[in-house]
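Trainee: I would like a close look at a single part of this protein. Please take one strand and work outward from there.

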Amino acid sequence: MNNLFRNLTAALVALAVTTPLHAQETARIAAPTDDTMRLTLLGTGSPALRIERFGFANLVQAGGLNLLFDAGRGATMRLGQMGLPIGAIDATFLTHFHSDHTNGLPDVYLSGYVPLPLGGRQDEFQLYGPEGVQQLAEGLMLAYASDVVERGGAKIPEAATKIAAHVVDEGVVFEKNGVKVEAFRVFHHKFSTETFGYRVSYGNHSVVISGDASHSESVASYGKDADIIVHEVAAVSQVAADKPFFKVVMSGHTSPEEAARIFTAAQPKLAIFSHVVQLPGGHVGPSTDEILTRTRAGYDGEVIIGEDLMSFVISDDGIERDVID
Ligand SMILES: [Zn+2]
Ligand SMILES: [Zn+2]
């Protein structure tokens, strides 16, 4: 490396580390600072390996904040497609600890403290989740302790390498810049420890995320009159419905018919299916068209199948759809 290049690199790193992240306008889709909310589906998949459906993750942007809800496989890749530095995430909320909701988490944490344009976080990684989130945070910091040492030359602030873990309980768990996040318990399945859904409110608007839920009434009550409910769905074909394994899987999730009952009770402006489980197997099973048809048989409001990088801007004028490419 010649001296000129070395000096230039050092100057760029220094600039990236000292300039506040939100002032740099590096994000192609930055968090709105007006009275709108933006929801982007980063990953709409299940544990199945599908290149078109990454692991479950959702970005809610409002009040100048970037809030991440679950961090399934590939969450950082989708944030990159949005042009958002990973360090711009202000807080991450976990619904539960199943790996399909957390296996992208180390990447969000670690890439966040690398200097811009990749990361740029200057302070602690803020992580919210059920009881046990402290152990997850401590385990991650221990597992990746050598990364901090090996990147020492990049002048990463020590605080940025730490995780601040916050245990959530039912009720308001986060409030900043007029954005409120409420957690509510959902029933996932009999083997689960605590599992939460989240309601994010800003002004008159709200987005509700079910997380993994087995047709929980709490989603209907917290989702009452929400602008958008992002709800998981699982469907199994008739021929496979009696197989014991699929019965166990279905007992932890919400069928299209059960989702229709929840949407009917909640009456959101828009219902979006995500965490789409099509059994049997990853690719074969009821089609998304069949899932919608079965839902619409019991629900006459607007319901769609979410796709990765679908984005929705919520304002007093309604919900405007966008696709990030
Ligand atoms: Zn789960
Ligand atoms: Zn899941």
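Which residue of strand 12 is the bridge partner of glutamate 232? Please describe the strand around that glutamate as well.

Mentor: The partner of glutamate 232 is serine 274, in strand 12. Bear in mind that this is a predicted model. Glu232 is part of strand 11, where it is buried on one side together with Ile228, Val230, Ala234 and Val236. The other side holds Ile229, His231, Val233 and Ala235, also buried, and both faces of the strand are therefore covered. The split follows a general pattern: in a regular strand, side chains alternate between the two faces of the sheet. Counted over the whole of strand 11, 9 of its 9 residues are buried, while for the protein of 325 residues the buried share is 47%.

Next, the strands on either side. Strand 11 (228-236) and strand 12 (270-279) run parallel and are joined by 9 bridges. With strand 10 (residues 205-209), strand 11 also pairs in the parallel sense, here over 3 bridges. Valine 207 has isoleucine 228 of strand 11 as its bridge partner. Both Val207 and Ile228 are among the residues that touch the most other members of the largest nonpolar core, which has 82 residues. Ile229 and Phe263 are also in that group, as are Val60 and Leu67.

These strands belong to an open sheet of 7 strands, ordered 7-8-9-10-11-12-13, with mixed pairing. Its edges are strand 7 (171-176) and strand 13 (303-305), each of which pairs on one side only. On average, neighbouring strands of the sheet are turned by 25 degrees against each other, direction ignored. At the strand 7 edge the pairing is antiparallel, with 5 bridges to strand 8 (residues 179-185). There, phenylalanine 174 has valine 181 of strand 8 as its bridge partner. Val181 is also in contact with leucine 67, whose other contacts beyond four places in sequence include Val60, Phe93 and Val200.

Two helices lie across strands 11, 12 and 13. Helix 9 (residues 256-266) runs at about 160 degrees to strand 11. Helix 10 (residues 288-296) runs at about 165 degrees to strand 13.

As for the whole protein, there are 10 helices and 15 strands. Among contacts with a separation of 6 or more, 67% are between residues 24 or more positions apart. The radius of gyration is 20 Å, which agrees with the value near 20 Å for a compact globule of 325 residues.

Key:
Residues numbered from 1 in each chain as written. Chains lettered and ligands numbered in written order. Predicted model: local features only at pLDDT ≥ 70, side-chain atom pairs only at ≥ 80, totals over all residues. Core = buried A, V, L, I, M, F, W, Y, C linked by C-beta atoms within 7 Å. Buried ≥ 20, exposed ≤ 12 C-beta atoms within 10 Å, placed from the backbone. Contact = placed C-beta atoms within 7 Å. Pairing = 2+ DSSP bridges. Helix = DSSP H or I, 4+ residues; strand = E, 2+ residues; numbered from the N terminus. Axes fitted to C-alpha atoms, helices over the stretch in contact; angles between N-to-C directions. Rg over C-alpha atoms; globule rule 2.2 N^0.38 Å.
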